[in-house]
Amino acid sequence: MPIILWINLTGTTVFQPPTTWEEHESPEEAGWDEDKLREARTYFNSLNSTAGIAIYKGKVLFSWGDTAGTTNAHSIRKSILSGMYGEYVENGSLDLDDTLSSLGIIDFPPLTSTEAQAEVRHLLTSQSGVYLRAGEESWNMRRQRPNRESHEPGTYFYYNNWDFNVLGTIYNNTSGSDLFEDFETKLAEPLEMEDFSMSHTEYKEEPSRSLHPSYLFRMSARDMARIGQLYLQNGEWNGSQLISPEWIEKSTSVQASVPGNSIYDYGYMWWVAEEEPWKSLGLYSAVGRHGQSIDIVPEKDLVFVHRVNSNRLLFRLFPRGVTQSQRLHLLELILDAKIE
């Protein structure tokens, strides 16, 4: 496959390296309307999107923008960690009923006796009831954080970076390994990721906020698509079961209701669509700030990855992302191009 050249929104020429993904010869050959996909592309170009890639029946349907560029994955990191938890829950190393107290989790200020009874399942569903400061929190997270002990563990959904960061600590303590190293050997290498490097990972320490660092990834759209395809294939890749289908089913089933979100409820760090027509399509998503997503549509055998490069100087000066409604409208336009 030849190198692809395109011009990004700043007028800079970008050289896209070749991919090892198998591609459909044409959208029409795959059963998609090229004119309607062009309409979707026009809408994509009108947004602050920087990359989009769709995998249909295991092959690349289209690739828009800089799909090889490694940029901040934002909260998609949480769905990645969810997949890595399955091995340790299923081999008995970790029980979803284990409490923060039994796992020796502390922070500053100290946890109360009620907070210390939060279980691993509560962290996975962002319902710990621990409302302490955390690394990588957005302004909205800080503004909306409930008062301490205002909700019992397991009773209230609040999108809580404290929960997610502590899950990184628990993973490392339980595995006796390092989650980034495990990601490389257990997922990135078997999935034959093309752009991932350990240099694209970082524990971000913010000791003035919490003892528990954030675990950050930079990742390309086309490597994220491999994660999405792995889930679509129920954890199997080239004859190897990388994540059990049982864990994927649990993780991508509703485990917590999400107040104020008309589209999604929450699984184990995956967003699960509960509004039609998305529910009938089986849509579930890994979602990150500014418009990052891995959208998996089982009923259409489709994975769609959407990226907004928040590392760009232009974005830092004028931080405009893509909203949930814009991203889902784009996905709707793409799905409308399928010839039935």
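**Entry 1: a surface patch**

I began on the outside of this predicted model, where I106, F108 and L211 make a nonpolar surface patch of about 360 Å². I looked up where I106 belongs and found it in the loop between α3 (76-90) and α4 (120-124). Its relative accessible area is 55%, so I noted I106 as exposed, the cut-off for that word being over 50%.

F108, another member of the patch, took me to the backbone, since the peptide bond from F108 to P109 is cis, with omega near 5 degrees. P109 is also placed in the loop between α3 and α4.

**Entry 2: the other cis bond I looked up**

I then turned to E276 and P277, which are joined by a cis peptide bond with omega of about 5 degrees. P277 lies in the loop between β11 and α10 (278-281). E275 lies in that loop as well, and I recorded E275 as partly exposed, with a relative accessible area of 32%. To get a sense of distance I checked E275 against N140: the two are 135 residues apart along the chain, and their C-alpha atoms are separated by 24 Å.

**Entry 3: strand β12 and its partners**

How many of the 5 residues of strand β12 (residues 284-288) are buried? I counted 5 of the 5, so the strand is largely enclosed by the rest of the structure. I then went through the strand face by face, and both faces are covered, with Y284, A286 and G288 buried on one side and S285 and V287 buried on the other.

Next I followed the pairing of β12. With strand β11 (residues 271-273) it pairs in the antiparallel sense over 2 bridges, and here W271 has S285 of β12 as its bridge partner. With strand β13 (residues 292-297) the pairing of β12 is again antiparallel, over 5 bridges, and Y284 has I296 of β13 as its bridge partner.

Which residue in the turn of the β12 and β13 hairpin has a positive phi? The hairpin has 3 residues between its strands, and the residue in question is H290, with a phi of about 75 degrees. I marked this because H290 has that positive phi although it is not a glycine.

**Entry 4: another histidine with positive phi**

H74 has a positive phi of about 50 degrees, although it is not a glycine either. I located H74 in the loop between β5 and α3, and its relative accessible area of 13% is why I list it as buried.

**Entry 5: the open sheet**

The loop of H74 starts from β5, so I looked at the sheet that holds this strand. I found 3 strands forming an open sheet in the order β5-β7-β6, with antiparallel pairing. The edge strands are β5 (71-72) and β6, each of which pairs on one side only. Between β6 and strand β7 (residues 214-219), which run antiparallel, I noted 4 bridges, and K204 stands opposite S214 in β7.

**Entry 6: aromatic rings**

A search of the whole structure gave 22 aromatic pairs. I took up Y85 and Y171 among them, a tilted pair at 6.0 Å centre to centre with 55 degrees between the planes. Y85 lies in helix α3 and Y171 in helix α6 (residues 161-175), so this pair ties together parts that are 86 residues apart in sequence. Both Y85 and Y171 are buried.

How far apart are the ring centres of F183 and F196? I read 5.0 Å, and the planes stand at 75 degrees, so the pair is edge-to-face. F183 sits in helix α7 (residues 179-188) and F196 in the loop between α7 and β6 (201-204), 13 residues apart. F183 is buried, with a relative accessible area of 0%, while F196, at 14% relative accessibility, also counts as buried.

I also wrote down one aromatic cluster, formed by F157, Y159, F164, Y264, Y266 and W271. W271 had already come up in the β12 entry, where its bridge partner is S285.

Last, I looked for a charge next to a ring and recorded R77, whose charged end sits over the ring of Y215, 4.5 Å from its centre.

How values were computed. Residues numbered from 1 in each chain as written. Predicted model: local features only at pLDDT ≥ 70, side-chain atom pairs only at ≥ 80, totals over all residues. Heavy atoms only, no water. Buried < 20%, exposed > 50% of the residue type's maximum accessible area, 1.4 Å probe, protein only. Pairing = 2+ DSSP bridges. Patch = residues over 30% accessible without salt bridge, like charges linked within 9 Å, V, L, I, M, F, W, Y side chains within 5 Å. Areas by Shrake-Rupley, 256 points an atom, 1.4 Å probe, with all protein chains shown as cover. Salt bridge = Lys/Arg side-chain N within 4 Å of Asp/Glu carboxyl O. Phe/Tyr/Trp six-rings, centres within 6.5 Å; stacked < 30°, edge-to-face > 60°. Lys NZ or Arg CZ within 6 Å of the ring centre and 35° of its normal.
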